[in-house]
Protein chains: 2
Amino acid sequence: MNRVKIQTNPSTSGIDMALCFKVTVFEQEHFQGKCQELTSECRNIQERGFDNIRSIRVESGAWVGYEHHDFQGQQFVLEKGEYPHWDAYSGSLGYHVERMMSLRPICSADHQSSRMVIYEKENFLGRNVELCDDYPSLQAMGWCDKQVGSMHVQCGAFVCYEYPGYRGQQYVMECDRHSGDYQHWRDWGSHCQTPQIQSIRRIQQ
Amino acid sequence: MNRVKIQTNPSTSGIDMALCFKVTVFEQEHFQGKCQELTSECRNIQERGFDNIRSIRVESGAWVGYEHHDFQGQQFVLEKGEYPHWDAYSGSLGYHVERMMSLRPICSADHQSSRMVIYEKENFLGRNVELCDDYPSLQAMGWCDKQVGSMHVQCGAFVCYEYPGYRGQQYVMECDRHSGDYQHWRDWGSHCQTPQIQSIRRIQQ
């Protein structure tokens with residue numbers, strides 16, 4: 001019995017980016033049909049001759065997919081592994097949209113040193129808490145509300161979810177976007193309708 | 001600006017169990033219709049006069065819901081917070097079953113000291129790794145395969161998922177069930193069809 005220690009990937013730097021991010025997208029479910037390897041962002045998969053993306057194999061790095069082109073609409077975090085159909089990466093959603101039209105790497109994802117502050121009210125006001133772990137239930141951890149007013153990501157990248165246990169709408173928060181400042185729920189994503197967030201976790205490179 | 005530290009709940013003991021586990025179940029979505037408070041397991045919600053459960057408010061403790069009575073079928077982890085409809089706790093599934101017929105507390109859940117070993121092959125054979133954190137992608141952490149052969153939970157409770165990012169079928173693994181031994185994928189749950197597991201996380205009390 002040989003017990004081995006799990007190794008985390010080395011943190012990324014600009015110079016080896018092309019090596020660190022690789023995803024293969026497929027037009028059909030279960031890795032069938034037209035496919036293409038991507039190593040950097042794709043603003044519109046139709047420009048690459050795809051109608052839609054229905055399965056994905058993430059070879060390296062963390063990625064985020066979007067419902068619409070130009071990184072708009074619902075967000076889907078994609079970490080290393082296989083997603084054979086839409087249900088596998090979309091999670092549970094109020095309405096069932098089976099579209100992924102753009103995707104990009106999450107360059108700042110850093111599982112070991114992620115850190116953010118959440119605030120009770122918008123504009124970084126009210127009660128606040130620093131997070132540097134994964135929180136499947138913010139309320140179980142002591143956060144009094146099922147809403148978050150604003151957030152500041154100091155290091156790394158997080159994904160916030162509407163419901164406990166990493167369910168519902170997803171919002172990716174990165175230290176290298178908006179200077180890590182998300183001062184109102186309208187900054188969380190073009191699809192965001194409410195300030196409701198009940199679980200938060202780090203994104204893994 | 002008053003920065004407060006998030007407090008985790010004290011670990012549970014038999015004596016204060018009734019205080020530590022509380023969930024309110026509703027027959028309709030959005031916390032409407034017939035409702036009932038539960039502080040211990042319920043083998044068949046029909047015996048309590050419910051046709052189905054369509055929304056849930058977890059007041060304290062971690063729970064697991066099941067598709068069928070007597071804790072059979074698909075599993076749904078429930079941590080503190082609000083689940084206004086089926087999509088909010090079911091996650092993404094290959095087929096869309098909107099049933100929760102039984103549920104019970106996860107007494108051994110202990111976010112701070114959870115520890116388990118996963119093995120490449122059944123019967124605790126082959127390459128193995130000790131886990132004591134959350135792993136949204138086992139492959140990104142160095143696990144070579146998208147399958148797990150067997151598992152032993154030493155402390156606490158974990159939930160394993162079919163896909164990365166805590167998506168797909170859920171399997172609850174507890175140190176106080178089967179002595180923490182899950183030697184074959186058929187032991188993971190009555191709904192388990194394959195040994196595929198791509199993400200694992202601790203369950204939070």
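**Sheet pairing and enclosed cavities in a predicted two-chain model**

In chain B, 4 strands are arranged as an open sheet in the order β9-β8-β10-β13, with antiparallel pairing; strands here are DSSP runs of E of at least two residues, numbered from the N terminus, and two of them count as paired if DSSP finds at least two bridges between them. Because β9 (125–131) and β13 (181–182) of chain B stand at the edges with a single partner strand each, one side of each is left without a neighbour in the sheet. The model is a predicted one, in which local features need pLDDT of at least 70 and side-chain atom pairs count only at pLDDT 80 or more, whereas totals for chains, interfaces and linings use all residues. Residues are numbered from 1 along each chain as its sequence is written, chains are lettered from A and ligands numbered from 1 in the order in which they are written, and side-chain values use heavy atoms, with hydrogens and water left out.

The edge strand β13(B) is joined to strand β10 (residues 150–155) of chain B by 2 bridges in the antiparallel sense, and within this pairing B:Met151 has B:Tyr182 as its bridge partner.

In chain A, strand β1 (residues 22–28) pairs with strand β2 (residues 32–38) over 5 bridges, again in the antiparallel sense, with A:Val23 standing opposite A:Leu38. These two strands form a hairpin with 3 residues between them, and A:His30 in the turn has a positive phi of about 55 degrees. The hairpin strands belong to a chain for which UniProt, in an unreviewed entry, places the feature "domain: Beta/gamma crystallin 'Greek key'" at residues 21–60, 61–107 and 114–155; such annotations may be inferred rather than shown by experiment. Residues 21–60 of chain A are 0% helix and 50% strand, with end C-alpha atoms 5 Å apart, while residues 114–155 of chain A are 0% helix and 48% strand, their end C-alpha atoms also lying 5 Å apart.

A cavity was taken as a set of points, on a 1 Å grid over the protein atoms alone, where a 1.4 Å probe fits but cannot get out, lining residues having an atom within 4 Å of a point; its volume is the space filled by probe spheres set on the points. On this basis there are 2 cavities of 30 Å³ or more. The largest has a volume of about 40 Å³, and its lining includes A:Pro164, A:Gly165 and A:Arg167 together with B:Tyr83, B:Gln170 and B:Arg201. The second largest cavity, of about 30 Å³, is lined by residues among them A:Tyr83, A:Gln170, A:Arg201, B:Pro164, B:Gly165 and B:Arg167.

Methods. 1 Å grid on protein atoms, 1.4 Å probe; cavity = no way out; pocket = protein on both sides within 12 Å on 5 of 7 lines; lining within 4 Å.
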